[in-house]
Each structure stands twice: as structure tokens, then as C-alpha cells.
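Good morning, and thank you for making time on the agenda. Please bring up the sequence and the structure, and I shall go through the points I have selected.

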Amino acid sequence: MNEWFAKLQAEFILNFVEDNRWKYLVTGLVNTLKITLAAVLLGIVIGTLVAIIRSTWDQNADRMRPGAGKTLLHIGDIICKIYLTVIRGTPVVVQLMIMFYIIFATSRNGVGVAMLAFGVNSGAYVAELIRGGIMAIDKGQLEAGRSLGFDYVQTMRFIIVPQALKNVLPALANEFIVLLKETSVAGYVAVTDLTKGGDIIRGRTFSAFMPLIVVALIYLVMVVFFTWLVGKLERRLRSSDH
Amino acid sequence: MTTDVLIQVTDLQKHFKGGKQNQDEKIRALDGVSAEIHKGEVVVVIGPSGSGKSTFLRCLNLLELPTGGQILFDGVDITDKNCNINLHRQKMGMVFQHFNLFPHMTILKNMTIAPMQLLHKSKEEAEKTALELLGRVGLADRANAYPSQLSGGQKQRVAIVRALAMQPEVMLFDEPTSALDPEMVGEVLEVMQELAKSGMTMVVVTHEMGFAREVADRVLFMADGKLLEEGTPDEIFTHPKSERLQDFLAKVL
């Protein structure tokens, strides 16, 4: 028993203390959180825009008078559908590599490219979430807004979208948790995220157990913590349900 | 009552396409309705359900797009494609059966957002007007409550003053008491009666025959998408001419 414990301690010192290797994990963790946070925000912005275009087209196409507005909206809807199909139909690692090696081939800012790639990816999933939230808002809300004299865009901005976002807020927070784990493939494009940080240590020490288990534990602790936070948020939203 | 025409409706048509099974079938919700609403007048629209009375009301501010006919509001053809309906809707307040208050805003915010955004009133000015209006319907103390904290009758009174906060020229009521518990109908009708007394032009679709008889200047009776009879409450309720109206009154009175 004692022997086993001593071995573990030696492993720990080798992997994290020697040469200050723990710094790889800290750098990785910071990058993981940076990428996740930026991606989730970008995803919400893209997702909201796509959701508005898609639901506007779905709900109004047959009632709109023909004209430039209708054509423009139709084109927008088609572009959104292509975006959703492509993003949801290809693996995120491939999208990430296309971003890094093709679209931004001249950029060496891996973290920035990863933020963008995961944001664009997340946007597609968030879009359908928010679209569901918009469609779930009672039709009377739109009518009340329009009857006061708000145009369609103003009604969306002041009345529909705030309610839709509030309704899907727990799901959006969950998207953050999903992204936290999904960004672990960022190492593919030379970004030192948490996973890559652990892997770098493994490469230096030729000892896999300690760095990988610790990386896994850090993810687990964060996910459990954020899940608890989302649960709290959900309960608070429900109790203040106006 | 003056004779100035505020809303002139000519041969209004609204056809819906049939369901998926029978696409060719057309449902004629409105089948050539012509009517005039004068300034300061209270017009009550009655009729059996499915008669098109709600569709008629919702066409007046184009929440429902008519498929034919013309609506002149203040002399402007609002069915014209180039007409900016949003500007006209600011002058046409509407009250719905299901209140449609904005649940994510306080009562005060519900009432100030449109005047602030659309009429560019300052926050202070909009809130002052809102509080005055809330006082008129006895709800000044609920200004900071959320709609979910109010009873149905209170919600509908707020919905009425929310529309009034835009200082409209006409108020449209779409069955404002139909979703209310019976004991709350009175408080809403009372507010509407007050409003009528203050000289507001009102078009009211309702099943409240007592209100129609007491408050209306003119009653329109609709059935099958047509305007079958119109007249003073006395003419409609005491001396109904058409058989459909006699039938209808026999059932509801």
C-alpha cells in the first residue's frame, strides 16, 4: 500500500512538478474556457439571427405579398438551411481543420480560429434551439406588438426574442457544457487546450496515467459544477416565471 | 355623435383556402361587408360564432389581410400596398380576448414601451401617462407587478390602458370578456363604458348583449360573413327584422 502511494507521488511529481509541467494544464484550461465562452457567445448571436430568419420565413411566407422583401427573405432562408445542413452534416474536427488550414491558412492564431470554428458550429445547433423557442411563443404576442404599431423587426426585438431566449436559457447553458467538452479536439490545430496540455505532458514524461486522469478529472469537476449551476438557474427561472 | 367618418369599409372580402384535403374549397369568412364607423361612435358587432365578426374587426387594422375590398381610415386606403400600416396601427388600439400582455415586462413597461419606442416619448413622460391611465382603471398600485401576478380582469384592464397609452383615435375590442371568469366581466365592461362616455370611438365584438344594448350607438349583426342588419340597439334588439337575427336573439337573450 505504502509502496503504491509512493509510486503515485513520484508520478505526480514527475508529471506536474518537474519542469513546472503543471503550467501546461493551466494554459490549456485557460484556452479551453476562452474558446468555449467565445464560441457560445458567437453561437448565440449566429443562432439567434438564423432562428429569426428561419421562423420568419416559416410563419409568414404564405401571407407575404410578393416583392423584394419576400425574395430577400427566401434567399436568406435558403442560405440558413444550407448552413445548418453543412455544419450539422460534417464533423466538428473537419470544420476546425478546414478553418485553420484552408480558410485562415495564413493565420497562426489557433485560439482565435478555434473560437470562430466552434462558434460557427455551435450556431447551427443553437439556431434550432432558439427557433423552437420563437415558435413556442403565443401568436397573440406578435399580434399585440403589431397592433401597437411596432413593425415586424421591432416586435421580434422587444417582445418575441427576449421571451424566446429566456425560455431556452437553460438549454443555452447546457450548450456551454457540451462545448466545454467538444473543444477538446482543438489540439488538432496546434491549440494548447486542456486536453492538448495533458497530452504534451504525456509526450514529455512517457507516462500516460497521471496526466490523462487529471485532465479527465478537471473536465468532470467543471461539468458537474456547471450542471449544478444550470440546475439552479432553471429553478430560479421557474420560480420567477412571469 | 358627429357624422365624420373615421373608418369606411367597402365590400370587404376575406377568403381562406380550405384545409389540406380540399385545397380548392374557399371559406368565405367575409363576403362583401360594407360599413362606416363615425368619430366618437360606439359600434358593437354581434353574431353567432363563425359569422366573421372577429375577422371583420381584425381586418380593420390589417392583422388579417383582406382578400378584397377597401378600408379607408381617416381617408387613407390602408389596404393599399404602399401604405405604411404601422403608422396607422399606432392610432388604432386593440384589445384581445386573451389580453396578450407581454409577460416578460412589468405592467408599467408594458404600457410605456410602445409610446417610448414609437412616439419617442421620454421615459418620465411615458410613465406619467401610464400611471395616470392605471389610476383611471384602479390599478396604479400594480405598476411594478408582472402580468402573471394579476387576475384576468386586471390583465384586461391593463390591456385596455396599454392600448390607450398610444393615444389612439379608435379602439378595437375583440371579445374582450370572453376569456374572463364571470365575476370579472363587470369590471372590464365598466372600464369600457367609461371609455365610451369619454367620447372614444370604439368597435366592439362581444357576446355581452347587455353591454351592446346599453352602451352601443349602433349595433351590427353579422352572419355567414355578411352584415345582415344594422341599427340602434333598440332597432336590433326590440324590432329585429331578419329571421336570422330573431333566431340569434332568441338563443342568446
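In chain B, strand β7, residues 170-174, and strand β8, residues 201-205, pair in the parallel sense over five bridges. One of the partnerships between these strands joins B:Val170 to B:Thr201 in β8(B). I should say at once that this is a predicted model, and everything that follows is to be taken in that light.

The pair belongs to an open sheet of six strands, in the order β6-β7-β8-β3-β9-β10 of chain B, and the pairing in this sheet is mixed. Which strands stand at the edges? They are β6, residues 92-95, and β10, residues 226-231, of chain B; each has a single partner strand, so one side of each is left without a neighbour in the sheet. On average, and with direction ignored, neighbouring strands of this sheet are turned by 20° against each other.

Helix α1 of chain B, residues 53-60, lies across β3, β6, β7, β8 and β9 of that chain. Relative to β7(B), helix α1(B) runs at about 150°.

Chain B also has an open sheet of four strands, ordered β2-β1-β4-β5, in which the pairing is antiparallel. Here the edges are held by β2, residues 26-38, and β5, residues 76-77; each of these has a single partner strand, and so one side of each is left without a neighbour in the sheet. As general background, strands of a sheet pair through backbone hydrogen bonds, either parallel or antiparallel. Strand β4(B), residues 68-73, and β5(B) pair in the antiparallel sense over two bridges. Within that pairing, B:Phe73 stands opposite B:Val76 in β5(B).

I turn now to a helix pair in chain B. The axes of helix α5, residues 152-164, and helix α6, residues 182-197, come within 8 Å and cross at roughly 20°. Angles under 35 degrees count as roughly parallel, and α5(B) and α6(B) are therefore roughly parallel to each other. By class, their contact has seven nonpolar, four polar and two charged residues. From α5(B), the participants include B:Gly152, B:Arg157, B:Ile160 and B:Leu164, while those from α6(B) include B:Glu187, B:Val191 and B:Leu195. The crossing of α5(B) past α6(B) is right-handed.

In chain A, helix α2, residues 22-60, packs against helix α5(A) at an angle of about 40°, with the axes 4 Å apart. How are these two helices oriented to each other? The angle makes α2(A) and α5(A) oblique to each other. Their contact has 20 nonpolar, nine polar and five charged residues. This crossing, of α2(A) past α5(A), is right-handed.

A:Arg131 lies in α5(A), which spans residues 110-135. Is A:Arg131 buried or exposed? A:Arg131 has a relative accessible area of 17%; because buried means under 20%, A:Arg131 counts as buried. Beyond its neighbours within four places in sequence, A:Arg131 is in contact with A:Ala51, A:Arg54, A:Ser55 and A:Asp58.

My last residue is A:Ile201, which has its place in helix α8(A), residues 194-205. A:Ile201 is buried, with a relative accessible area of 0%. Apart from neighbours within four places in sequence, its contacts are A:Asn15, A:Phe16, A:Arg21, A:Tyr24, A:Leu25 and A:Pro211. Finally, A:Ile201 and A:Cys80 are 121 residues apart along the chain, and their C-alpha atoms are separated by 42 Å.

Note on methods. Residues are numbered from 1 along each chain as its sequence is written. Chains are lettered from A and ligands numbered from 1 in the order in which they are written. This is a predicted model: local features need pLDDT of at least 70, side-chain atom pairs count only at pLDDT 80 or more; totals for chains, interfaces and linings use all residues. Side-chain values use heavy atoms; hydrogens and water are left out. Two strands pair if DSSP finds at least two bridges between them. Axes are lines fitted to C-alpha atoms, for helices over the stretch in contact, and angles run from 0 to 180 degrees between N-to-C directions. Angles under 35 degrees count as roughly parallel, over 145 as roughly antiparallel, 65 to 115 as roughly perpendicular and the rest as oblique. A crossing is left-handed if the near helix is turned anticlockwise from the far one by less than a right angle, and right-handed if clockwise. Contact means heavy atoms within 4.5 Å. Ala, Val, Leu, Ile, Met, Phe, Trp, Tyr, Cys and Pro count as nonpolar, Asp, Glu, Lys and Arg as charged, and the others, Gly among them, as polar. Buried means under 20% relative accessible area, exposed over 50%, partly exposed in between (1.4 Å probe, protein chains only).
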